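Trainee: Got a minute to walk me through this one? I've just opened it.
Mentor: Sure, pull it up and ask away.

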Amino acid sequence: ARPLMSDRARASSPVARRAHDAASAALTLCISAYVLWVLAGTVAWISHLGARAPRLSGFLLARGFPGNAPAEGLTQFLRANVPAAIGFVAPHSLLPPRRMHGLCKRLATDAERVWFGSFASRFLSRPGSGRLLYNALAAGTLHFLLANFTPLTTPVVASLPFPENAHVFLSVSCLLLALASVLAEPQTYGLLGTGQMLGWSPKFATPPPNHMDAITWMGVSAWRGGKLLLGERFLLKSYKDLKKKAKHGDIMGATAFVLFTGVSILPKELTFGDCLTRGVAAFYLRRRSKSFRDWVASVEGAHLATWGIRACLLLAAFRAAAEYDVSAKSDGKMSPAAATACAAATAALLRFAERRSERRTKKHKTLFKDNAASLQSARKMEQPRESRESLRASDEGHDQPCASVVEVSFRDIEPEGTKKTRRSARVSSRAA
């Protein structure tokens, strides 16, 4: 009689390895798709797209708008939402991808003790597992936060004087363009951990440098998508003058960014709860993300344009409500004067957070440019001593993009699971 194979030998057989690889690939793709769905759904939720387009609500995260029973006051609003917000912020701040990778390595050594240990051990020991699970954890906690969010529907700060159908069309088209641009960027799959887990080429396995977060990356991708996908490869395809084509492409990229981050994500009716949530999240993003501040500094004109457009829409809404009666307290609306004061205070606070980097570090003038020369020079400034394995042939893209958009971020970190060696800046730049 043939001796029975041990569990370890059975798990290491070629058939078992192929089965593990197939299961790992399927699980990786499912997690990546879920993270992208949460990312797109967060944008839709912030703009209340599900409430403005009910037919789409069934496909969106948390129905695409804060649809739970509203809080009766500010105290109840804070009591209901702060614990879930901490549950989202704490893991993605305390367990970045590099630290998560170390945790995965420790778990992989103990995974053999459980019945599914062979698969778990192989999955957790793969390069990129820490980044993938970090994104999954961030997406899951954000999903829980938005699904259980208790809104504060009064007072109403402003109702935007925007045609409803045009607003819906703008929100949907900008979201689709941003999502298509994200999918078209090779570094997206390095950001998610998909490229590392599936062993794709370095082009698809390298995340955006400088600790890029996913929301900011979505803003950068919207800029690039407007310039390349919508501009140079579609509307400007017939241009013969390359200099003119590039110039007009830059304009289209800036326009796509401004429309996506400045207009399309605004809800039809802006409440005090919306303003409070956006203000806190935006301040957190600006204070925590140096790359976001660098990106804002590199696209100062377009960023200020988003503020200008929002201010004009707010003033138009106030003018439409000019007949506001101060004595009428039951309509649940904030007076234009009070709303203007709140908006000005919020804008000043966010600008203070954005300017923080200028007081501490030198402004990177060549950051986030699309041409390869500026990307390589920025990478040499930021990561002069990374090893060839850590770089993984990251040919393009620097880091931290634009996001006056959604004010929630999955914070990102350098590629994990690679050894660092001391090398000269010249050798490192050649590897890059």
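**Two helices meeting**

Mentor: Start here: L39, A40 and V43 in α2 meet A214, I215 and M218 in α12. Contact means heavy atoms within 4.5 Å, and helices (H or I, at least four residues) and strands (E, at least two) are DSSP runs numbered from the N terminus.

Trainee: What classes of residue make up the contact of α2 with α12?
Mentor: By class there are 6 nonpolar, no polar and no charged residues. Ala, Val, Leu, Ile, Met, Phe, Trp, Tyr, Cys and Pro count as nonpolar; Asp, Glu, Lys and Arg as charged; the others, Gly among them, as polar.

Trainee: And at what angle do α2 and α12 pack?
Mentor: About 80°, with the axes 11 Å apart; α2 covers residues 14–46 and α12 residues 214–235. That makes α2 roughly perpendicular to α12, a label for angles of 65 to 115 degrees. The axes are lines fitted to C-alpha atoms, over the stretch in contact for helices, and angles run from 0 to 180 degrees between N-to-C directions.

Trainee: How sure is the model overall?
Mentor: It's a predicted model, where local features need pLDDT of at least 70 and side-chain atom pairs count only at pLDDT 80 or more, while totals for chains, interfaces and linings use all residues. Residues are numbered from 1 along each chain as its sequence is written, and side-chain values use heavy atoms, leaving out hydrogens and water. The protein chain has a mean pLDDT of 76 (the predictor's confidence in each residue, from 0 to 100), and 69% of its residues reach 70 or more. Over residues 1–7 the pLDDT is below 50, and beyond near neighbours in sequence that stretch has 1 contact in the model. Residues 361–432 are also below 50, with 215 contacts beyond near neighbours in sequence.

Trainee: Switching topic: which loop holds H48?
Mentor: The loop between α2 and α3 (49–52). H48 has a positive phi of about 60° although it is not a glycine.

Trainee: Is H48 buried or exposed?
Mentor: Buried, at a relative accessible area of 15%. Buried means under 20%, exposed over 50%, partly exposed in between (1.4 Å probe, protein chains only).

Trainee: What about the phi of A62?
Mentor: Near 55°, again positive in a residue other than glycine. A62 lies in the loop between α3 and α4 (74–94).

Trainee: Last one: where is A158?
Mentor: In strand β1, residues 156–159. A158 is buried, with a relative accessible area of 5%.

Key:
Parallel < 35°, antiparallel > 145°, perpendicular 65-115°, else oblique.
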